[in-house]
Amino acid sequence: MNKKLSILTVCTFGVFGSMSAQHQPQLGKSPINEIISAMTIDEKVALLVGFGDEDTPDSIPSATIGFTKKIVPGAAGITRAIPRLDIPSIVLADGPAGLRIDPRRPGTDSTFYCTHFPVATSLASTWNAPLVKSVGNAIGNETLEYGVDILLAPATNIMRNPLCGRNFEYYSEDPILAGKLTSAMIQGIQQNGVGTSLKHFALNNQETNRTGNNVLVSPYVMRELYLKPFEIAIRESTPWTVMSSYNKVNGEYASENSLLLDSILRRQWGYKGLVMTDWFGGQDAVKQTIAGNDLLMPGLKKQYKVLKDAVDNGKLSTHILDRSVQRILELIIKTPRFQQYDYTNTVDLVANARTSRMAAAEGMVLLKNDNLTLPLDKSQTSRIALFGISSYDFIPGGTGSGDVNRAYTISLAEGLKQAGFQWNEKLAELYDTYIKKETDALPERQFDDPVQRIAEMELSDTLIQAQASCQDMAVITIGRISGEFHDRNITDDFLLSQTEQKLIENVCTAFHQKGKKVTVILNTCGVLETSSWKEQPDAILVAWLAGQEGGNAVADILTGTVTPSGKLPMTWPVNYEDVPSASNFPLAGHKESIDSTRYEEGLFVGYRYYDTFDKPVSYPFGYGLSYTTFDYGNLSIEKKEDVVEISCRIINSGNKAGKEVVQVYVSFPDKNEDYPTKELKGFAKTQILQPGETETVTVHIPLSYLKRYDETAGCWKLPQGTFRFFVNSSVEDCRLTGKYNL
Ligand code: BGC
């Protein structure tokens, strides 16, 4: 970062700009304690409250997104400037799948599009930390060049239940997978000299009543599962900021919770950065500040007043106030805006689209591939009957703050065409007309309205039969979208709708009668019920919400340009009722009455439950097929200082090039009914291995990952005895085992 920005821009937006800059200490030139001593109480309080509604009437709750038009239109917020001390406003913008700003600005024809990368769930399915870091690097560069200082990402809450509306923004049901990839994302973004905001800290695992829900959870489960990805990210990647979540945790709002923000985050994990609220989060500004929440975003006039009164009447000490001021100033000093970086408003959308496509393809998970249906042999199957509205209207990402204003989205139809396939024009026209008509009839959606997607189109048997006669194969896409503010439903969402079921059934029957194959693509924000229909198609590919290059990335997998190597970052259960939190997750019908959610299933979330209690699943955690096969051998387990090193040799024993994910699960020595049978403690991915090629893979497991939280003693302890290590290809597919006495 070496370009300089005109000082004018820096100092324009402030409320305390009138005093002369002469003889004042200047941020960056004078020590921070001198700046703090020179600040008035008004200035200090103002710095703690984002510049949210300065010119908004009190009656209008400032829009969550896009309100702050002043510096970077479409950013989520800015802080206040104090020009006399050379303190600029800094800019904060979403989010996890790419930078979210307005693509157009008044007074110019220039556009400000950002790259829509695959959502976090898709990135998690790559199990590839260097790749996630490279995506982070590209997002960080767009953040920097569009003049944003802090990206409000990544989000790393545990996927407790498949219906959580924001799961697509999150990484996994497993804390090690989530923590490691979140760290990689933070490192990638921050290497550009911009900051991140690790969110939503903590236990924000549902959208229903998200600003009031009280999570009731034991200290043991909280530490072992829900806080773990945050702890790993804090310790291994040092995000510049953390965003406290909306919900309460054991009776206290997360943003007012000193156990979370002070004892755990700062004292135990050693975090030195700043904590900000989620937008309008929490209720008591004084309590928030005392608990260690430094910045209130986007900032309301009434919060300023409450804090000011509290300082005046002694309820908020200047010591606490200065503590937050100091953290905010330390953050500002690091930002591109303070360092007068002359951002270009130009980003390399072409190169970043390539990164997006590569990551999207690597995140796709092949669930089924009978009789080598895939990859497609173009000489035999060049004519495709493309069914399902989502084939033509491919979903790139979720809604809400996790959405990205991209320049385009490549649909599956376009992706297949560019890959040299032909699809039936008549069928395409039918879909296009239907999609246009139905979409036009939808009511205009407000930012926080539930996502409405048009229903699947019904097709006559005759039409399907005709397609089966003239096309070489069928591809059906099933689409699901979700987003902020609302959780998903069971009917017509987790479960396929009747029209979708009929479509799969009729297409499979008609094509199979002609000896032709059917592939189902799941363009989904998350988990779907599959066991009732998965026997019918020949192949099933989970494409997730794969970003703006989604259609091209699916084509890369279908043609075999990329061998699938994605693995599920969460379990796909047989029925929704099998989900361990099904009985205490709010469902449609009683949504508004929920004021607390008891995490009764304890640590038995996801595979920790299914694996321990031998509950059959549709597709297990860590599962995913390849076009090739891998053999495992030569296991070695060694302890080197405070790390256990697990090495093994992977050989590509099939006849296509591909990558393998090596997953190391651990069983603990002492039998304890609170412990799952085994838990993921490390993983690694090979390079692309050619047929016959081998690679020795080493997985490093820090001893701290093998400690258990002792609730009575209030600390982590390393159990003594023999640990069993399972080197697997999914949680259910064990390839090598070994023991080690610690
Ligand atoms: C979301 C955050 C987001 C913020 C700012 C909130 O509604 O929960 O994830 O960063 O808005 O847009």
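In what handedness of crossing does H17 pass H19? The tour of this predicted model begins with that pair of helices.

**First stop: H17 and H19**

Select residues 461-470, which form helix H17, and residues 498-513, which form helix H19. H17 passes H19 in a right-handed crossing. The two axes come within 9 Å of each other and cross at roughly 40 degrees. Because of that angle, H17 counts as oblique to H19. Next, display the side chains at the contact. On the H17 side, select Asp 461, Ile 464, Gln 465, Gln 467 and Ala 468. They meet Asn 506, Val 507, Ala 510, Phe 511 and Gln 513 of H19. Coloured by class, this contact shows five nonpolar, four polar and one charged residues.

**Second stop: H3 and H12**

Move now to helix H3, residues 41-48, and helix H12, residues 318-334. Their axes lie 9 Å apart, and the helices pack at an angle of about 60 degrees. H3 is therefore oblique to H12. The crossing of H3 past H12 is left-handed. From H3, the residues to select are Ile 41, Lys 44, Val 45, Leu 47 and Leu 48. The partners in H12 include Leu 321, Val 325, Ile 328, Leu 329 and Ile 332. Thr 318, Asp 322 and Ser 324 of H12 also take part in the contact. By class, the contact of H3 with H12 holds nine nonpolar, two polar and two charged residues.

**Third stop: H7 and H8**

Select residues 219-226 for helix H7 and residues 228-237 for helix H8. Here the axes are 5 Å apart, at an angle of about 50 degrees. This angle is why H7 is described as oblique to H8. H7 contributes Met 222, Arg 223, Glu 224, Leu 225 and Tyr 226 to the contact, while H8 contributes Lys 228, Pro 229 and Phe 230. Five of the residues in this contact are nonpolar and three are charged, with no polar residues.

**Fourth stop: the largest pocket**

Which residues lie closest to the centre of the largest pocket? Select Val 451, Arg 453, Arg 480, Asp 492 and Asp 493 to find them. The volume of this pocket is about 540 Å³, and 26 residues line it. To see which elements give two or more residues to the lining, highlight helix H14 (389-392), strand E13 (473-480) and helix H18 (490-494). E13 provides the largest share, namely four residues. Colouring the lining by class gives seven nonpolar, 10 polar and nine charged residues.

**Fifth stop: the largest cavity**

The whole structure contains four cavities of 30 Å³ or more. The largest cavity encloses about 150 Å³ of space. Select Asn 161, Pro 162, Glu 173, Met 570 and Thr 571, the residues closest to its centre among the 16 that line it. The lining of this cavity comprises nine nonpolar, five polar and two charged residues.

**Sixth stop: three places in the backbone**

Where is Pro 154 found? Look in the loop between strand E3 (150-151) and helix H6 (175-190). Show the backbone here: the peptide bond from Ala 153 to Pro 154 is cis, with omega near -5 degrees.

Continue to the loop between strand E10 (365-369) and strand E11 (383-387), where Pro 375 lies. Leu 374 and Pro 375 are joined by a cis peptide bond, and omega is about -5 degrees.

Finally, select Trp 127, in the loop between helix H4 (120-124) and helix H5 (129-145). What is the sign of phi at Trp 127? Phi is positive, at about 50 degrees, although Trp 127 is not a glycine.

Notes:
Residues numbered from 1 in each chain as written. Predicted model: local features only at pLDDT ≥ 70, side-chain atom pairs only at ≥ 80, totals over all residues. Heavy atoms only, no water. 1 Å grid on protein atoms, 1.4 Å probe; cavity = no way out; pocket = protein on both sides within 12 Å on 5 of 7 lines; lining within 4 Å. Points joined across faces, edges and corners; volume = space filled by probe spheres on them. Nonpolar A, V, L, I, M, F, W, Y, C, P; charged D, E, K, R; others polar. Axes fitted to C-alpha atoms, helices over the stretch in contact; angles between N-to-C directions. Parallel < 35°, antiparallel > 145°, perpendicular 65-115°, else oblique. Left-handed = near helix turned anticlockwise from the far one by under 90°. Contact = heavy atoms within 4.5 Å.
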